[in-house]
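Q: Could you take me through one helix of this protein up close? I'd like to see how a single part fits in with the rest.

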Amino acid sequence: MNLSFKLLVAAAVFATSFTVGAQTIFSTSGYSTGEALEKPMVMKPFVEFSKARPLPELRIFTLEGEKVDLAKYRGKLLILNVWGTWCTPCIREIPQLIDLQQQLKGSNIEIVGVAVDKSVAGISKFLARHKMSEFNTWSDPTESIEDVMPLEVVPTNYIIDGAGNIVGYLPGYLPWDDKDVMPFLKKLAEKYAKPKAN
């Protein structure tokens, strides 16, 4: 088997796996999200989709092992902060996310961590060791989040509307304690917690 044929086969396999893994991001069956929100400088990496994408069923669990039913978050803006215990920027974010989770209690915005570590027990031990056990986080040991879109960087934040569609994402580290973050999250919630199909 010559090298060019091997490369062709490898490219075909990659393209197939990418298409399957990214089926949601390229879906065109969702509603039009209308005019994109104006972003503050701190949110410049945020990508707001022009069409909402239906979210596939994710295999996400609480740290106690219960399957998470995302339907319970209908009518809210849900931000899934995908992280890992090996990820230094993620670890920098967690104290800021804990503060933000506290500030958002009782609102129509939920931020929940989703750790992609294979060992769920390791997540709890890690958080306890770093005195961050109050971080509200789930686990995705099979990385089912890859069915939403390819996970190129950790942390990545997926923005889910109140009807269970993905409407955007934010790759990379974000200083969640920046003064412009909360007002922008409120604008996102105003637009997406109870979305009106355009």
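A: Let's start with one word we'll need: a residue is called buried when its relative accessible area is under 20%. By that cut-off, 45% of the 198 residues in the protein chain are buried. Keep in mind that this is a predicted model.

Before zooming in, here's the overall layout. The protein chain has 4 helices and 7 strands, and reading from the N terminus the order goes α-β-β-β-α-β-α-β-β-β-α. Of the contacts in the chain with a separation of 6 or more, 75% are between residues 24 or more positions apart.

Now for the close look, at helix α2. Helix α2 covers residues 88-103, which makes 16 residues. From its first C-alpha to its last, α2 reaches 24 Å, close to the 22 Å expected at 1.5 Å a residue. Follow α2 along and you'll come to a bend of about 35 degrees at I94. There's a proline, P95, within the four residues after that bend.

Which residues of α2 are buried? They are C90, E93, I94, Q96, L97, I98, L100 and Q101. So I94, where the helix bends, is also on the buried list. Try picking out the spacing in that list as you turn the model. In general, an α-helix has 3.6 residues a turn, so residues three or four places apart point the same way. You can try that on C90, E93 and L97, which are all among the buried residues of α2.

And what covers them? The cover over the buried residues of α2 includes two strands, β3 (77-83) and β4 (109-115). It also includes two helices, α3 (120-129) and α4 (181-192).

Helix α4 gives us a way into the next feature, a cavity. There is 1 cavity of 30 Å³ or more, and the space in the largest cavity is about 40 Å³. Its lining is made up of M43, F46, I79, N157, I159, L170, W176, L185 and L188. Two elements, β6 (156-160) and α4, each give two or more residues to that lining. By class, the cavity lining has 8 nonpolar residues, 1 polar and no charged.

Finally, compare that with the largest pocket, which holds about 220 Å³ of space. Among the 16 residues lining the pocket, L55, D69, L70, A71 and R74 are the closest to its centre. The pocket lining divides into 9 nonpolar, 1 polar and 6 charged residues, whereas the lining of the largest cavity has no charged ones.

Technical notes: Residues are numbered from 1 along each chain as its sequence is written. This is a predicted model: local features need pLDDT of at least 70, side-chain atom pairs count only at pLDDT 80 or more; totals for chains, interfaces and linings use all residues. Side-chain values use heavy atoms; hydrogens and water are left out. The expected span of a helix is 1.5 Å times one less than its number of residues. The bend at a residue is the angle between axes fitted to the seven residues ending there and the seven starting there. Buried means under 20% relative accessible area, exposed over 50%, partly exposed in between (1.4 Å probe, protein chains only). Contact means heavy atoms within 4.5 Å. On a 1 Å grid over the protein atoms alone, a cavity is a set of points where a 1.4 Å probe fits but cannot get out, and a pocket is an open set with protein on both sides within 12 Å along at least five of seven lines; lining residues have an atom within 4 Å of a point. Grid points are joined across faces, edges and corners, and a volume is the space filled by probe spheres set on the points. Ala, Val, Leu, Ile, Met, Phe, Trp, Tyr, Cys and Pro count as nonpolar, Asp, Glu, Lys and Arg as charged, and the others, Gly among them, as polar.
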